[in-house]
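These are my notebook entries from a session spent looking things up in one structure, kept terse and grouped by topic.

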Amino acid sequence: MSRRRARVAAALITVIILGATLVPTSGTPDRNLVSLELTGYRGLADAITNVLLFIPLGVALAGCGLAARKAAGVGALLSLLVELVQLAIPGRYTSPWDLLFNAAGAALGAVLVLHANAWAKPLRARRALSVAALLAALLVLVGGGVLLRPAVPYGDLYGQWTAVFENMTAYSGRVTNAEVGPVRIPSRRVRQYVRLRRLLVDSADSAPIRVDFVAGEAPEGLAPIFGIFDERGQEVVLVGATGRDIVYRYRMLARTARLDEPDIRYEGALEDVPAETPVRLQIGHEANGWCIAVNERAQCGLGFTLGDTWALLVHPLPTRLAGGLSILWLIALFTPAGFWMRESDALLFLAVGGGVLAIAPTLLMLLTTPVTQFLAAAAGLAFGHIAGRMARRTERPDT
């Protein structure tokens, strides 16, 4: 890449970074916060996304002729600007840790370019690198699938009807009854909390959540209708409305890893439900995924695929972007394996990757992997293989 093109790329990447970090977020407090926590809620997700976001900038800056330490400095300055501006943007959190991880991402991107010969043209370890990259991709997908599973803490559990939280919209309707399987959930401590925990973790197929409520006005943000919380007041289950959609969230193993927790959404569930209308809501897990029913209407097959594991890093995003991100996520994960893959190993890699994509969802209670995601994984291997061949043909001295 010429330095002129690298400068254009750096400018474009900077615009993308500013667009991704300076847009107000919904469902968060109106006031702005400065967080000093590294291991707080979604702390690991923030660290990973901050590094990944600035790697392309470091790549472009290296193409402009900057050393890794200078690329890190530019990344830190841009990050400082973003953090200062975020103080005035609703819903954004400012953290000094972001400067560190953004600078690290820019430095890593520059190092990858400046020392490309060391990893792009391995003389002896090519097969080992390709196998390691394939296993890493599969580990990310399967591990992500495991982290999407429910995680209910031990101890007392409390029901909450139309709870009011500082970071959410208040729901104007009212709940009249709530149950999980045979256990009634009042808006206070649940006496059968041991049985309730077992139903939430082990018996999803036979223990649907049922909530009877009188509909309120369509809220602009997420408004809790019904929830279950632990003894520390932390969310275990939340059923809410946003606009005309029903949103279902449950605590995942991902929280233990400080990653994000994507939600399940039934779009338009309350479209034909005016205010003051009685509603019977039921949420349950079946063989083909989650099913949400509102009165006589229902939508099943909701949930997550292996390709949706990107949502553990950044959520929520507009629904219309989710499918495309799953495709890009799989392409990105399998590209490194294809980069070092020998042509003689192509069929083996396709068989192993395809086998995991086909079998793992059944074991992890995820949705069946769609054909488009199989094709995305294959495209990642193909794209990486083509890029690897081009890199190995190019004579480029170390810099």
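Entry 1, cavities. Which residues line the second largest cavity? I noted first that I am working from a predicted model, and then I read off the lining as Tyr171, Ala215, Gly216, Glu217, Ala218, Pro219, Gly243, Arg244, Leu270 and Val273. Sorted by class, that lining has 6 nonpolar, 2 polar and 2 charged residues. I put the volume of the second largest cavity down as about 30 Å³, and I recorded that the structure holds 2 cavities of 30 Å³ or more.

Entry 2, cysteines. I next asked how many disulfides the count comes to, and the count is 1 disulfide. The bond joins Cys291 to Cys300, with the two sulfur atoms 2.1 Å from each other, which is within the 2.5 Å cut-off, and therefore the pair qualifies. For the two partners I looked up accessibility separately: Cys291 has a relative accessible area of 11% and is buried, whereas Cys300, at 37% relative accessibility, counts as partly exposed. I also looked at Cys64, and I entered this cysteine as buried, with a relative accessible area of 16%.

Entry 3, aromatic pairs. My search for paired rings returned 7 aromatic pairs in the structure. One of them is formed by Tyr250 and Trp290, whose ring centres are 5.6 Å from each other and whose planes make an angle of 35°, and the pair is classed as tilted. Tyr250 belongs to strand β9 (residues 245-250) and Trp290 to strand β12 (residues 289-294), so this pair ties together parts that are 40 residues apart in sequence. I checked the burial of both residues and wrote down that Tyr250 is buried, and so is Trp290.

For Phe339 and Trp340 I found ring centres 5.6 Å apart with the planes at 80°, so I logged this pair as edge-to-face. Phe339 and Trp340 are both buried, and together with Trp119 they form one aromatic cluster.

Entry 4, charges over rings. Which ring does the charged end of Arg392 sit over? I found that ring to be Phe339, with the charged end of Arg392 at 5.9 Å from the ring centre; Phe339 is also a member of the aromatic cluster in the previous entry. I recorded a further case at Tyr154, where the charged end of Arg197 sits over the ring, 3.7 Å from its centre.

Entry 5, two alanines in helices. Ala72 is found in helix α3, which covers residues 68-86. Is Ala72 buried or exposed? With a relative accessibility of 17%, Ala72 counts as buried, because the cut-off for buried is under 20%. I then looked up its separation from Ala110, and found that Ala72 and Ala110 are 38 residues apart in sequence and 8.4 Å apart in space, taken C-alpha to C-alpha.

Ala378 lies in helix α10, which covers residues 371-393. At 29% relative accessibility, Ala378 counts as partly exposed, because that class takes in whatever falls between the 20% and 50% cut-offs. For the separation from Leu330 I entered 48 residues in sequence and 8.9 Å in space between the C-alpha atoms of Ala378 and Leu330.

Notes. Residues are numbered from 1 along each chain as its sequence is written. This is a predicted model: local features need pLDDT of at least 70, side-chain atom pairs count only at pLDDT 80 or more; totals for chains, interfaces and linings use all residues. Side-chain values use heavy atoms; hydrogens and water are left out. On a 1 Å grid over the protein atoms alone, a cavity is a set of points where a 1.4 Å probe fits but cannot get out, and a pocket is an open set with protein on both sides within 12 Å along at least five of seven lines; lining residues have an atom within 4 Å of a point. Grid points are joined across faces, edges and corners, and a volume is the space filled by probe spheres set on the points. Ala, Val, Leu, Ile, Met, Phe, Trp, Tyr, Cys and Pro count as nonpolar, Asp, Glu, Lys and Arg as charged, and the others, Gly among them, as polar. Buried means under 20% relative accessible area, exposed over 50%, partly exposed in between (1.4 Å probe, protein chains only). Helices (H or I, at least four residues) and strands (E, at least two) are DSSP runs, numbered from the N terminus. Rings of Phe, Tyr and Trp (its six-membered ring) pair if their centres lie within 6.5 Å; planes under 30 degrees apart count as stacked, over 60 as edge-to-face and the rest as tilted. A charge sits over a ring if NZ of Lys or CZ of Arg is within 6 Å of the ring centre and within 35 degrees of the ring normal.
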